[in-house]
Amino acid sequence: MEQKQEQEQKQKQEQEQKQKQELELELEQEQKQEQEQKQELEQKQELELELEQEQEQKQEQEQEQKQEETPRSWKRILSGIIVLSIVIIGSVLGPVLQTNESDPKSTFLSRCKKFNQYDCQKLWGAFEQAYVNKDPCNFPVQAYDPLIAAAPFKPQCNKMMFWSKTKVVVHGFTAKRKDCFVTLEDTLLGYALNGLTWCGKKGSNGTFTTDCPRNCENNPVDSFWIRASAAFADVACGDVTAMLNGSINTPFNPTSTFAKVEVTRFKAPRVRSLNVVMVIQKNAKSNCKNASLQNLKKALHTGITYSCKDVPESRIQECGSKPQIACKTCW
């Protein structure tokens with residue numbers, strides 16, 4: 001009897017042990033499943049976090065791009081100017097990047113050939129003859145008369161653009177929208193000599209690019225631009241446009257080339273109107289109501305009508321980058 005009881009007790013213990021082992025195995029499996037689920041959840045959360053971070057970065061990049069397209073501070077304006085400068089160097093003054101500064105002749109000839117209109121070697125000869133063997137500080141503007149006669153400026157009525165203290169903005173625009181306006185620097189001579197330095201010296205038939213004085217009024221470079229500006233203004237016709245700077249106190253400066261040389265040559269009835277585009281940036285100091293513009297109106301030849309419009313620089317940039325915008329609706 002006791003033996004039977006012991007056997008039953010042993011079987012019971014074995015059964016309990018088996019159940020315990022099965023329970024432990026079940027618990028172990030449950031823990032393993034929970035751990036796997038936890039890992040999957042963590043991986044899912046990490047993936048969601050990565051996606052969220054990528055989305056945030058994308059939004060930040062889009063916001064930065066939007067801010068760059070519409071400058072809202074002087075820092076961004078400076079960035080815009082740098083971008084515009086790059087555009088101008090690449091699109092308008094591209095040959096300068098490929099130029100040996102000590103060899104202006106090769107630069108002149110390579111730029112001249114882009115126009116396919118004149119004998120560039122003869123033009124270089126007319127240009128060189130103007131300044132070689134001459135005092136670089138006593139150089140009259142009339143010395144360039146033969147050069148201007150060899151490559152005269154052609155009237156482009158209603159498209160001629162003049163400027164003062166807005167070189168970067170105006171050329172950033174015209175580089176992309178030649179269908180709208182043409183500046184002096186877009187013509188053969190203006191393009192060929194833009195950004196170059198040159199002079200001659202007494203007793204030498206050479207062309208120099210160093211030690212060329214710019215502090216004396218009658219130097220070869222400044223005299224050329226004065227003479228070329230006069231010739232360009234002489235052929236102005238129709239509706240003429242001028243882009244002035246609203247970031248300075250005196251947009252129409254009486255000492256500027258625009259005031260001294262160009263405006264005085266606008267003659268009616270050949271010139272019908274002068275339309276001023278006042279470039280407005282943030283913290284602008286001037287607008288179309290600036291007192292100096294009264295002097296501009298007084299300086300105009302009788303019969304030439306005058307108008308002025310304040311135009312944000314961002315609008316000029318937008319019009320320059322979107323050729324589908326009609327020229328007349330740029331401002």
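This report describes a predicted model of a protein, moving from its overall make-up to one helix, one pocket and several single residues.

## Overall make-up and confidence

The protein has 331 residues, of which 37% count as buried, and its secondary structure consists of twelve helices and four strands. When contacts between residues at least 6 apart in sequence are considered, 74% of them join residues that are at least 24 apart.

Because the model is predicted, the confidence score called pLDDT, which runs from 0 to 100, should be kept in mind while reading it. The protein averages a pLDDT of 83, and 74% of the residues score at least 70. Confidence is highest in strand β2 (residues 238–245), at a mean of 98, and lowest in helix α3 (residues 94–97), at a mean of 38. Over residues 63–75 the pLDDT is below 50, and this stretch has ten contacts in the model beyond near neighbours in sequence. Residues 77–100 also stay under 50, and for them the model has 32 contacts beyond four places in sequence. Where pLDDT is low, the predicted coordinates should not be read in detail.

## Helix α9

Helix α9 covers residues 220–234, and its length can be checked with a short calculation. The expected span of a helix is 1.5 Å times one less than its number of residues, so the 15 residues of α9 should span 21 Å, and this agrees with the 21 Å that separates its end C-alpha atoms.

Is this helix enclosed or open to the outside? A residue counts as buried when its relative accessible area is under 20%, and twelve of the 15 residues of α9 are buried, so the helix is largely enclosed by the rest of the structure. Among these buried residues are Pro220, Val221, Phe224, Trp225, Arg227 and Phe232. The elements that cover them include the helices α5 (120–131), α6 (145–150), α8 (188–193) and α10 (257–262), together with strand β1 (161–164).

## The largest pocket

The largest pocket holds about 800 Å³ of space. It is lined by 27 residues, and those closest to its centre are Trp163, Asp222, Trp225, Ser229 and Thr257. Two of these, Trp225 and Ser229, also belong to the buried residues of α9.

Which element gives the most to the lining of this pocket? The answer is α9, with six residues, while β1, α9 and α10 each supply at least two residues of the lining. By residue type, the lining divides into eleven nonpolar, eight polar and eight charged residues.

## The loop between α8 and α9

Lys201 lies in the loop between α8 and α9, where it counts as partly exposed because its relative accessibility is 30%. Although Lys201 and Val132 are 69 residues apart in sequence, their C-alpha atoms are 6.5 Å apart in space. Leaving aside neighbours within four places in sequence, Lys201 is in contact with Asn133, Lys134, Phe208 and Asp211.

Asp211, one of these contacts of Lys201, is placed in the loop between α8 and α9 as well. Asp211 is exposed, with a relative accessible area of 66%, and its phi is near 60 degrees, a positive value in a residue other than glycine.

## Residues in other loops

Cys137 is found in the loop between α5 and α6 and is partly exposed, with a relative accessible area of 35%. Along the chain, Cys137 and Pro220 are 83 residues apart, yet their C-alpha atoms are separated by 7.8 Å. Beyond its neighbours within four places in sequence, Cys137 is in contact with Pro213, Cys216 and Asn218.

Two further residues have notable backbone geometry. Asn116, in the loop between α4 (104–112) and α5, has a positive phi of about 50 degrees although it is not a glycine, and at 69% relative accessibility Asn116 counts as exposed. Pro269 lies in the loop between α10 and β3 (271–280), and the peptide bond that leads from Ala268 to Pro269 is cis, with omega near 0 degrees.

Terms used: Residues numbered from 1 in each chain as written. Predicted model: local features only at pLDDT ≥ 70, side-chain atom pairs only at ≥ 80, totals over all residues. Heavy atoms only, no water. Buried < 20%, exposed > 50% of the residue type's maximum accessible area, 1.4 Å probe, protein only. Contact = heavy atoms within 4.5 Å. 1 Å grid on protein atoms, 1.4 Å probe; cavity = no way out; pocket = protein on both sides within 12 Å on 5 of 7 lines; lining within 4 Å. Points joined across faces, edges and corners; volume = space filled by probe spheres on them. Nonpolar A, V, L, I, M, F, W, Y, C, P; charged D, E, K, R; others polar.
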